[in-house]
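Please look through the model below, beginning with the fold as a whole and then turning to one helix and its surroundings.

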Amino acid sequence: MMSFFRIAIAACSITFAVTAVAAQRREIVKPRDYSPPALTHSDELGKLIRTAVARIVDANRPSPVKGTELAVTVIDLTEIANIRWSSYRGDEPIYPASVVKMFYMAALERQLEDKKITMTAELERGLRDMIVDSSNEATQYILDVLTDTSSGAELPQRQFETWQFKRNRVNRWLTSMGYTNINVNQKTFCEDAYGIEQQSRAYKGQNRNMLTTNATARMLAEIVTGRIAKPERTARMMGLLRRDPFAKATDPDSQANGFSGIALIERKMTSAKLWSKAGWTSKARHDAAYIETPDGSRMVVAVYTEDHANERDIIPTIVGTIIDGIVTERR
């Protein structure tokens with residue numbers, strides 16, 4: 001007769017196996033017909049980006065900006081058959097602040113498309129608040145749904161490793177599509193992380209979120225071109241990312257007219273269209289923007305800045321230079 005101890009061990013083994021199978025079924029997977037976007041490196045865009053960066057670095061500013069405090073990637077989508085790109089420090093991992101929420105949105109749409117998650121009124125509210133209002137609380141909820149994890153007390157090492165494996169689900173999805181040099185597995189907070197969330201960060205931030213402007217621009221371009229999910233889902237993502245820089249706003253740091261939108265306002269491009277996701281902390285000021293100009297130019301511009309979080313002119317100066325250069329080139 002099997003002892004109680006052996007029965008307990010067998011039951012635990014069965015439970016673990018069932019849990020492992022269930023977790024595998026919840027993995028985020030790329031579309032079956034997915035292939036990475038074909039991008040052609042452009043020397044012309046590279047020169048334009050360097051000019052944009054130089055206008056900031058070489059300027060006589062009250063707070064000088066170092067070249068190592070900027071990263072820029074541009075993807076020119078004007079001709080879909082010949083997508084050009086270039087970057088400045090585009091593969092440098094940088095804390096992305098709220099820009100990471102765009103990646104969580106795309107991951108959620110993949111899971112919804114594959115029917116691994118079911119949309120509810122509450123989930124729809126959380127998705128909207130995460131992208132439109134950049135709510136950190138909504139982001140925490142969305143990441144819990146995506147990874148089947150939740151915040152709480154610190155865990156013993158073995159249990160923590162199981163928890164952390166699930167929390168890395170979005171990372172595994174991005175890796176499967178060829179994204180590199182990034183880490184996307186942490187919640188965003190207004191103040192600080194505690195308990196297992198701090199344990200997940202490795203306490204001193206060694207495992208915090210990190211993105212490159214190359215990865216950021218690519219993700220936005222994949223949403224714009226409908227590669228990341230079916231058209232109705234990418235259309236919904238675009239709807240959440242849509243900004244109107246010319247609408248009245250009381251917040252000078254709104255995503256619509258406090259970042260890349262300033263470049264359109266300064267040029268009085270009232271017919272231009274803007275989609276974006278900004279990120280802003282006490283040390284970082286970032287934006288990922290897709291812009292369509294009246295002449296038919298279509299471009300993705302991702303700009304990350306460090307240690308100049310309250311300087312509102314850096315991003316629009318760079319974005320404006322890119323707009324001017326691409327528009328002029330088409331004439």
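**From overall fold to a single helix**

In this predicted model, residues 24 or more positions apart account for 67% of the contacts in the protein with a separation of 6 or more. The secondary structure in which these contacts are set comes to twelve helices and seven strands. The radius of gyration of the protein is 21 Å, close to the 20 Å that the globule rule gives for 331 residues, so the protein is as compact as a globular protein of that length. Along its principal axes, the C-alpha trace spans about 85 × 45 × 40 Å.

Turning to the surface, buried residues make up 51% of the 331 residues, while the accessible surface of the protein comes to about 15,900 Å², with 54% of that area belonging to carbon and sulfur atoms. As for charge, the protein has 45 positive and 40 negative charges, and the mean positions of the two sets are 4 Å apart.

Helix α6, which runs over residues 157-167, offers a local view of burial: F160, W163, Q164 and R167 are buried there. These residues cover an arc of only 100 degrees around the axis, which puts them on the same side of α6. The general background is that an α-helix has 3.6 residues a turn, so residues three or four places apart point the same way. What, then, covers the buried residues of α6? The cover includes three other helices, namely α5 (136-147), α7 (169-176) and α8 (196-200).

Note on methods
Residues numbered from 1 in each chain as written. Predicted model: local features only at pLDDT ≥ 70, side-chain atom pairs only at ≥ 80, totals over all residues. Heavy atoms only, no water. Helix = DSSP H or I, 4+ residues; strand = E, 2+ residues; numbered from the N terminus. Rg over C-alpha atoms; globule rule 2.2 N^0.38 Å. Buried < 20%, exposed > 50% of the residue type's maximum accessible area, 1.4 Å probe, protein only. Contact = heavy atoms within 4.5 Å. Areas by Shrake-Rupley, 256 points an atom, 1.4 Å probe, with all protein chains shown as cover. Lys, Arg positive; Asp, Glu negative; His and termini not counted. Charge placed at Lys NZ, Arg CZ, Asp CG, Glu CD. Arc of directions from axis to C-beta.
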